[in-house]
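Notebook open, model loaded. I want to start with how the two chains meet, then go through each chain in turn.

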Amino acid sequence: MIATRPAPGPVEEPSARTGDRQFRVLLATMAAAVPVVIGAILVALISAAWPAIHRFGAHFFVTSTWDPVAGTFGVLPFIYGTLVSSALALLLAIPLGLGVAIFLSELTPGWLRTPVGFFVELLAAIPSVVIGLWGIFVLVPWVRTTLEPVLKSALGFLPLFSGPPLGIGMLAAGLILSVMVVPFIVAVSTEVMRAVPSGQREAARALGATGWETTRTAVLPYARSGIIGAIFLALARALGETMAVTMVIGNVPQIKASLFAPAYTIPAVIANEFTEATDDLYVAALIYAGLVLFIVTVAVNALARLLVNRAARGPSVIRE
Amino acid sequence: MAVITCGCTLLVLAPLFFVLVFLVGTGWSALNWDFFTRLPGAAGETGGGMTNAIAGTLLLISLAGVVGIPIGVLGGTFLAEYPAARLSQVTRFAADVMNGIPSIVMGLFAYVLIVLPMRHFSALAGGVALGVMLIPTVMRTTEEIVRLVPHSVREASLALGIPQWKTTLRVVIPTAAAGIVTGIMVGLARIAGETAPLLFTAFGNRFWNWNVLRPTAALPLQIFAYAISPFDDWHRQAWAGALTLVSIVLMVNIVARYAASRQVKSR
């Protein structure tokens with residue numbers, strides 16, 4: 001009698017297990033969508049850019065002629081514009097961003113930390129087209145009438161600050177990009193600096209270090225790999241930023257030593273010319289440029305994430 | 001050091017302050033009833049509004065939500081419920097990387113995927129571009145929130161004989177719902193301001209459009225078109241559009257932030 005009665009558990013279990021399995025497969029499919037989409041972007045861009053890849057190959061990167069009428073496409077001026085404007089942005093954003101991060105993680109009393117961090121986040125939340133609008137009507141006139149004349153009179157002997165002050169150009173683009181990437185440096189650096197164990201700071205203090213010495217000798221070296229990761233994250237943002245840059249850089253494909261001169265970036269040329277591209281090779285060339293941007297930003301982001309994750313997980317593994 | 005870093009902070013926050021001051025100062029005077037109720041005027045003419053662009057942005061965001069929310073929420077639940085699975089580790093990293101892919105590249109992707117086969121621009125293509133961008137944000141916030149659900153809640157449900165899948169769907173996700181919705185709102189606010197992925201997908205439209213297979217207007221596209229135009233009245237309207245857009249984005253962010261801090265406190 002007892003032996004013949006089926007236990008309630010095993011009877012129900014198969015259906016419940018099937019349900020569980022199916023549900024897990026559903027969730028896993030959704031989770032798998034992310035790596036699949038990244039792969040799909042790569043495949044889609046390569047296939048759409050194929051005519052240009054086939055035609056220009058590696059010459060694409062060293063040719064500085066961009067002539068849709070003649071069917072000659074080279075992205076050298078755009079690569080130059082993208083790299084220099086991003087470098088300029090980082091040059092300004094790194095010291096400022098680290099300053100804010102030190103302020104937030106080491107000096108700020110708790111009640112001030114949350115609102116200041118919130119405002120920095122808000123800066124990142126403003127749409128880039130709005131920053132660009134402000135750039136056109138406020139920043140560019142200021143650069144033309146104030147910043148560039150001052151730089152020219154002080155440092156005009158350098159080729160970097162030569163030429164007429166136009167307002168629009170590389171300098172304005174670098175400035176606006178620095179505004180847009182600094183929140184990323186602040187957010188990630190603050191996080192990794194706060195992850196530094198307080199024992200480090202206390203040890204430095206116990207040895208008689210001042211506040212600044214503590215930060216410099218105990219906190220910064222510990223957080224170094226995370227800070228470098230933060231900088232790479234910001235770099236990836238700067239390389240791919242489109243609207244605000246398009247609106248202030250002047251959009252002229254040229255390589256000039258002067259920061260006052262107009263320039264052009266890869267995202268900007270795609271944004272401006274894509275809908276006007278009439279023939280297939282022109283479209284393929286623009287997508288080829290987009291493919292390059294995609295590969296570079298994915299690589300920079302992946303590197304950044306590895307560094308940041310390592311720093312956030314446990315600083316002990318990165319000790320020298 | 002305190003002075004220098006405090007100076008850095010003020011310098012970094014100064015652009016936020018200046019942008020907001022100019023936005024309110026210039027945009028407020030340009031906002032009027034016409035702006036919200038009328039179609040764009042002809043080039044060079046004074047007057048007209050952005051009513052179709054505001055509607056277009058709502059349409060695009062809805063489409064993006066349809067694409068991005070289910071994938072983001074369910075995928076994020078997987079990351080939280082099976083944190084050690086190989087797939088979770090790969091996806092977590094991939095989502096972080098995807099977050100940093102330039103928005104213009106997402107536009108190219110949607111162009112190749114949808115505009116090329118269909119041979120014309122459409123709201124659908126724009127919605128897909130934005131929806132793909134929404135996925136990593138929603139997924140990572142969902143993961144974080146679902147992880148906060150105490151194990152005792154899951155165990156209580158499992159102890160009652162409720163299968164795992166039902167526990168996740170009917171107990172864990174509802175417990176985390178408020179936080180998930182907050183994450184979705186922040187994600188939607190972020191993509192609402194995106195312009196670059198729409199340039200050659202949604203394309204823009206001077207008229208009303210509710211057909212997802214036709215090109216549609218969008219607030220950020222209209223702001224961009226007006227900002228680079230040579231007309232003073234359009235510049236004025238660009239500021240008004242920007243003020244509208246930023247008000248929505250910032251409001252959602254502030255409300256979400258407030259809601260999130262309330263939830264953390266209540267735990």
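**Where the chains meet**

I looked up the interface first: 68 residues of chain B are in contact with 69 residues of chain A. Contact here means that the C-beta atoms of two residues, placed from the backbone, lie within 7 Å. On the chain B side, at least two residues each come from α1 (2-30), α3 (51-81), α4, α5 (103-118), α6 (123-148), α8 (164-192), α9 (219-227) and α10 (232-266). Which of them gives the most? That is α1(B), with 14 residues. I then sorted the chain B side by type and got 53 nonpolar, 13 polar and 2 charged residues. For that split, Ala, Val, Leu, Ile, Met, Phe, Trp, Tyr, Cys and Pro count as nonpolar, Asp, Glu, Lys and Arg as charged, and the others, Gly among them, as polar.

**Ground rules**

Note to self: this is a predicted model, where local features need pLDDT of at least 70 and side-chain atom pairs count only at pLDDT 80 or more, while totals for chains, interfaces and linings use all residues. Residues are numbered from 1 along each chain as its sequence is written, and chains are lettered from A and ligands numbered from 1 in the order in which they are written.

**Chain B**

I checked helix α4(B), residues 86-99: its 14 residues reach 20 Å from first C-alpha to last, close to the 20 Å expected at 1.5 Å a residue (the expected span is 1.5 Å times one less than the number of residues). Helices (H or I, at least four residues) and strands (E, at least two) are DSSP runs, numbered from the N terminus. The buried residues of α4(B) include Arg92(B) and Asp96(B), along with Ala94(B), Ala95(B) and Val97(B). Buried means 20 or more other C-beta atoms within 10 Å of the residue's own, exposed means 12 or fewer, and partly exposed is in between, with C-beta atoms placed from the backbone.

Next I pulled the UniProt record. Its unreviewed entry lists residues 54-256 of chain B as "domain: ABC transmembrane type-1"; such annotations may be inferred rather than shown by experiment, and positions follow the numbering used here, with feature names shortened. In the model, that stretch of chain B is 77% helix and 0% strand, with its end C-alpha atoms 22 Å apart. The entry also lists "transmembrane region" spans in chain B, among them 53-81 and 238-260. Residues 53-81 of chain B are 100% helix, with end C-alpha atoms 40 Å apart. Residues 238-260 of chain B are also 100% helix, and their ends lie 33 Å apart.

**Chain A**

I counted 11 helices and 2 strands in chain A. Its radius of gyration is 26 Å, well over the 20 Å that the globule rule gives for 320 residues, so chain A is more spread out than a compact globule (taken over C-alpha atoms; the rule is 2.2 Å times the number of residues to the power 0.38). Buried residues make up 47% of chain A.

Is Ala52(A), in helix α1 (residues 8-56) of chain A, buried or exposed? It counts as buried because it has 22 C-beta neighbours inside 10 Å. Beyond four places in sequence, Ala52(A) touches Phe73(A), Leu281(A), Ala284(A), Ala285(A) and Tyr288(A). The C-alpha atoms of Ala52(A) and Ile287(A) are 8.6 Å apart, although 235 residues separate them along the chain.
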